2 protein chains.
Amino acid sequence: MRLLDIYAKMKSDLEVIEERLARSVSSDHSLLTETSTHLLKAGGKRIRPVFVLLSGKFGQYDLATLERVAVPLELIHMASLVHDDVIDDAATRRGQLTVKAKWDNRIAMYTGDYIHGKALTIVTELPNPLIHQILAKAMVQMCIGEMEQIRDFFNTKQTIRDYLLRIRRKTALLLAISCQLGAVAAGADAATYNRLYRFGYNVGMAFQIGDDLLDLLGTEKQIGKPPGSDIRQGNITLPVLLALNDPNVKDALLSEIHHIHAEGGAGDTRAALKLIRKSEGIKIAENLVSRYIFKAIQALEGLPAITAKKNLTDIAHFVAKRNY
Amino acid sequence: MRLLDIYAKMKSDLEVIEERLARSVSSDHSLLTETSTHLLKAGGKRIRPVFVLLSGKFGQYDLATLERVAVPLELIHMASLVHDDVIDDAATRRGQLTVKAKWDNRIAMYTGDYIHGKALTIVTELPNPLIHQILAKAMVQMCIGEMEQIRDFFNTKQTIRDYLLRIRRKTALLLAISCQLGAVAAGADAATYNRLYRFGYNVGMAFQIGDDLLDLLGTEKQIGKPPGSDIRQGNITLPVLLALNDPNVKDALLSEIHHIHAEGGAGDTRAALKLIRKSEGIKIAENLVSRYIFKAIQALEGLPAITAKKNLTDIAHFVAKRNY
């Protein structure tokens, strides 16, 4: 099944989520409503809500309960984007001005805090403290991931393990708990929600590596911002680390990264991109994406053969096949 | 009873809180541990934990439960200070360098996020979702308060109602729920925790107005930063608004505030402080402090005459009598 067909089948439930998302950030403070809604309107794939709803099918599916997980998870993702844009000094996201660019850093900081707070307000409407605990722990890990990213900016000596741990915290964890909490909220048993957690985690790892590849291989139109943005801001991703292991590329690439760093974020990344693209790093990173997708699908084995299982499998395949 | 005596009586329980505070921000990420601990070591009166513990005396006092309320509330307060310092461009707090001054704004932002997350991790160990809900709602209101402060910087046309609403969100609410949640966690009934909420709220209002007076009337040694810091950064507090209602002062003060604003935070505030100090605003603000304290003590009426009630009353009197 194509991705669009999966979304079409879930349309009415996703509309409920979308409506609640919009309502959730309408505050009695007009600027906060404006900044938060600005972000919401930029759209997105709403992959976290989709994972929550599909995972909810493995238990007692109740939309009123599941939306109180799906909406907070999407809000936490949005809040992390707003704070991320402050760090990355990003002017656009999804083709729109970022909150920090349209307003300022201070407003972006509190918009993120506010969206976080709203997320918690909604999830705490559910009486199950396990859900609150899992979410709180994930939020802490996400912060650690962000700090690690700052620490490792332009650090060409970091290991692949450093990178994997960082994207685990930054990206994979929230997708993992989207699956897990959808199942927990639906009253599924631990064996079920643990499998779904592993599915989400592995898809998340594949997704982030794919995203990092896209930033190196895609066009500005595909990415929504200029290619090479990661390396320009010092975010050393997996294909770059792998390229630095490639003796044909290493010294030239190190020198390019050094130049980009010295020019303080305004540097020309074209030469670096060329080196990375011709290195062995691309192929190895692509293989790793496939391996994570394989592990994601494997994690679903043993779950009942319902439509949601098929849908999750299809989504995993879609993540694997993203065109660069 | 003097404040010190109250603290002395609570010493062993406060030590447990202090130890847990220190433990809570020790992460596997060394920079986050360092930034968070930096803040923790600056100390403070730990008034939120004190309110939690004393309010817990009106129910079944259990330290293991109460610390899971007290520690998160103090952490949320600390996180708000870190984010506040980013906004205020503050170099020192409690006589120490702020996180944003010692590191940078980005690190301060994620340190705040991280401390927030840790607070949630601890409070969600408690199985009572009502506690989680109250806390989440307060966090949203606190953000709105911060945004209102940004919106109202250098706005000399704001009303006294704007000011009161802002400090309610920024300060009073967290003290109110410190009292409320201490009692909720101890299993007290709604009549009891509502009274304690009102006590904390009114003390909080008095405290913030007192703090705003101190910034205008205190010495650098008393305040821990130069007097007039609020007006320098555009934070128009109650005594200033009242001074602007004083026809003997109004025009000269407006012109001074205009100058300070034009000089972008580096302005000389001495003339403005002189005008405010000789205005009627000081006396009226001091009277309002007394009225809030009176209302705080009134809110305790009807609660059993236990030592904790006496202690809370004494603390309220202490807040009223702070020396400028």
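The following paragraphs describe how two chains of a predicted model meet and which salt bridges are found in it.

Local features were taken at pLDDT of at least 70 and side-chain atom pairs at pLDDT 80 or more, while totals for chains, interfaces and linings use all residues; side-chain values rest on heavy atoms, without hydrogens and water. Residues are numbered from 1 along each chain as its sequence is written, and chains are lettered from A, and ligands numbered from 1, in the order in which they are written.

We may begin with symmetry. A turn of 180° with a shift of 0.0 Å along the axis lays chain B on chain A with an RMSD of 0.0 Å (least-squares superposition on the C-alpha atoms of residues with pLDDT of at least 70 in both). This is the relation of a two-fold axis. Within chain B, B:Pro129 comes closest to that axis, its C-alpha lying at 3.2 Å.

The interface itself brings 40 residues of chain B into contact with 40 residues of chain A (contact meaning heavy atoms within 4.5 Å). Since 100% of the interface residues of chain B are also interface residues in chain A, the copies meet through the same surface. Together the chains bury about 3600 Å², 76% of it on carbon and sulfur atoms (the accessible area, with a 1.4 Å probe, that two parts lose on being put together, summed over both). B:Arg106, B:Tyr110 and B:Met147 supply 20% of the area that chain B buries here, more than any other three residues. Helices H3 (30-41), H5 (63-88), H7 (105-123) and H8 (129-151) of chain B each supply at least two residues to this side (helices being DSSP runs of H or I, at least four residues, numbered from the N terminus). H8(B) gives the most, with 14 residues.

Turning to charge, zero salt bridges are found across the interface of chain B and chain A (a side-chain nitrogen of Lys or Arg within 4 Å of a carboxyl oxygen of Asp or Glu), although the count over all chains comes to 28. One of them joins A:Lys11 and A:Glu15 at 3.1 Å, N to O; both residues lie in helix H2 (residues 11-24) of chain A, four residues apart, about one turn of the helix. In chain B, B:Glu125 forms a salt bridge with B:Arg20, with the closest N and O atoms 3.4 Å apart. B:Glu125 lies in the loop between H7 and H8 and B:Arg20 in helix H2, so the pair ties together parts 105 residues apart in sequence. B:Arg20 is buried at 9% relative accessibility, whereas B:Glu125 is partly exposed at 36% (buried is under 20%, exposed over 50%, partly exposed in between, with a 1.4 Å probe and protein chains only). In chain A, salt bridges that share partners join A:Arg20, A:Glu67, A:Arg68 and A:Glu125 into one network.
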